[in-house]
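Here is a short report for a reader who is meeting this protein for the first time. It goes from the overall fold to the sheet, then to the interior and a few local details.

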Amino acid sequence: MIWSNGACFVVNSQFAIEHWNDSLSQFTGMTESEVLHRPCHEVFAAQLFTGMDFCQKSCPLVTEAGHTADQPMFVIMPTRYMGQQLVQIHFAIWDDPLTIIHWIQPVNRDFKPANPLTPRQQQIFTLLAQGLTRREIAQHLNISLSTVNTHIRRVCEMWEAPTERHALTRFMRMQGSNPDNSFPSSSS
């Protein structure tokens with residue numbers, strides 16, 4: 001079978017995972033039984049270097065013009081045991097029926113995911129992740145509500161997040177989905 005070489009998975013026209021091989025299980029820490037028939041965007045949280053989500057309901061491999069099987073993409077992919085890893089994705093697309101085969105190749109070089117948030121923005125998003133309201137955050141950090149709103153708006157703009165919820169989801173992914181991480185001291 002074509003998907004037996006290297007870390008590989010196959011999705012169907014609904015972007016549900018149809019095939020998942022052992023090499024990919026070893027790399028991601030997720031087994032075939034955990035991912036089979038699930039939408040790929042729910043399984044992967046890969047991002048581009050800009051921080052924007054690569055894995056989405058509307059697959060960029062299908063919707064963005066200019067991608068061909070000859071043009072691998074570099075994305076940052078979270079893995080269960082190794083944290084975020086830089087990978088190169090090679091893919092092939094068949095049209096009838098729509099099928100996308102993905103080959104994942106780790107890139108052997110050190111990288112640090114960009115976290116361009118200021119210490120104050122990190123504080124605010126940590127508290128948002130803990131369930132505090134904007135007003136409660138302002139009181140907790142002894143800053144004005146408008147300052148909290150401005151920081152949230154700037155992060156949404158910087159990350160091109162359409163809503164606070166999208167930005168918060170990205171923040172939590174960057175923190176390893178652990179909203180209880182400690183945050184810096186509350187200096188302005």
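Read along the sequence, the pattern is β-β-α-α-α-α-β-β-β-α-α-α-α. The model is a predicted one. Its secondary structure comes to 8 helices and 5 strands. The protein has 188 residues, and buried residues make up 40% of them.

**The sheet**

Start with the strands. The 5 strands form an open sheet, and their order is S2-S1-S5-S4-S3. The pairing is antiparallel. Strand S2 (17-20) and strand S3 (73-79) stand at the edges, each with a single partner strand, so one side of each has no neighbour in the sheet. On average, neighbouring strands of this sheet are turned by 30 degrees against each other, direction ignored. In general, strands of a sheet pair through backbone hydrogen bonds, either parallel or antiparallel.

Now take the pairings one by one. Strand S1 covers residues 7-11, and 3 bridges join it to S2. On its S5 side, S1 is joined by 5 bridges. Strand S4 (residues 83-95) pairs with S5 over 9 bridges. These three pairings run antiparallel.

Some residues that face each other across the strands are listed here.

| Residue | Stands opposite | Partner strand |
|---|---|---|
| Ala7 | Ile104 | S5 |
| Phe9 | His102 | S5 |
| Val10 | His19 | S2 |
| Ile89 | Ile104 | S5 |

Ile104 appears twice in the table. In S5, Ile104 stands opposite Ala7 and also opposite Ile89. One further pair belongs to S1 and S2: the bridge partner of Val11 is Ile17 in S2.

Two hairpins deserve a look. The hairpin of S1 and S2 has 5 residues between the strands. There, Phe15 takes a positive phi near 60 degrees. The hairpin that joins S4 to S5 goes through 2 residues.

**A buried strand and a buried helix**

Is S1 buried or exposed? Of its 5 residues, 5 are buried, so S1 is largely enclosed by the rest of the structure. Its side chains split between two directions. Ala7, Phe9 and Val11 point one way from the strand. Cys8 and Val10 point the other way. Both groups are buried.

Helix H5 (residues 119-129) tells a similar story. In H5, 9 of the 11 residues are buried, so the helix is largely enclosed by the rest of the structure. The buried residues of H5 include Arg120, Gln121 and Gln123. Ile124, Phe125, Leu127 and Leu128 are also among them. Just after H5, Gly131 takes a positive phi of about 95 degrees.

**The cavity**

What is inside? The count comes to 1 cavity of 30 Å³ or more. The largest cavity has a volume of about 120 Å³. It is lined by 15 residues, and those closest to its centre are Phe9, Cys40, Phe54, Cys55 and His102. Two of these names are already familiar: Phe9 of S1 stands opposite His102 in S5.

Which elements supply at least two residues each to the lining of the largest cavity? They are helix H3 (40-43), helix H4 (60-63) and strand S5 (98-106). By class, the lining has 12 nonpolar residues and 3 polar ones. Charged residues are absent from the lining.

**Cysteines**

How many disulfides are there? The count comes to 0. Cys8 has 0% relative accessibility. Cys40 has 10% relative accessibility. The cut-off for buried is under 20% relative accessible area. Cys8 therefore counts as buried at 0%, and so does Cys40 at 10%.

**An exposed residue**

End at the surface. Asp22 is found in helix H1 (residues 22-28). Is Asp22 buried or exposed? Asp22 is exposed, because its relative accessible area is 62% and the cut-off for exposed is over 50%. Asp22 and Glu32 are 10 residues apart in sequence. In space, Asp22 and Glu32 are 7.8 Å apart, C-alpha to C-alpha.

Definitions and conventions
Residues are numbered from 1 along each chain as its sequence is written. This is a predicted model: local features need pLDDT of at least 70, side-chain atom pairs count only at pLDDT 80 or more; totals for chains, interfaces and linings use all residues. Side-chain values use heavy atoms; hydrogens and water are left out. A disulfide is a pair of cysteine sulfur atoms within 2.5 Å. Buried means under 20% relative accessible area, exposed over 50%, partly exposed in between (1.4 Å probe, protein chains only). On a 1 Å grid over the protein atoms alone, a cavity is a set of points where a 1.4 Å probe fits but cannot get out, and a pocket is an open set with protein on both sides within 12 Å along at least five of seven lines; lining residues have an atom within 4 Å of a point. Grid points are joined across faces, edges and corners, and a volume is the space filled by probe spheres set on the points. Helices (H or I, at least four residues) and strands (E, at least two) are DSSP runs, numbered from the N terminus. Ala, Val, Leu, Ile, Met, Phe, Trp, Tyr, Cys and Pro count as nonpolar, Asp, Glu, Lys and Arg as charged, and the others, Gly among them, as polar. Two strands pair if DSSP finds at least two bridges between them. Axes are lines fitted to C-alpha atoms, for helices over the stretch in contact, and angles run from 0 to 180 degrees between N-to-C directions.
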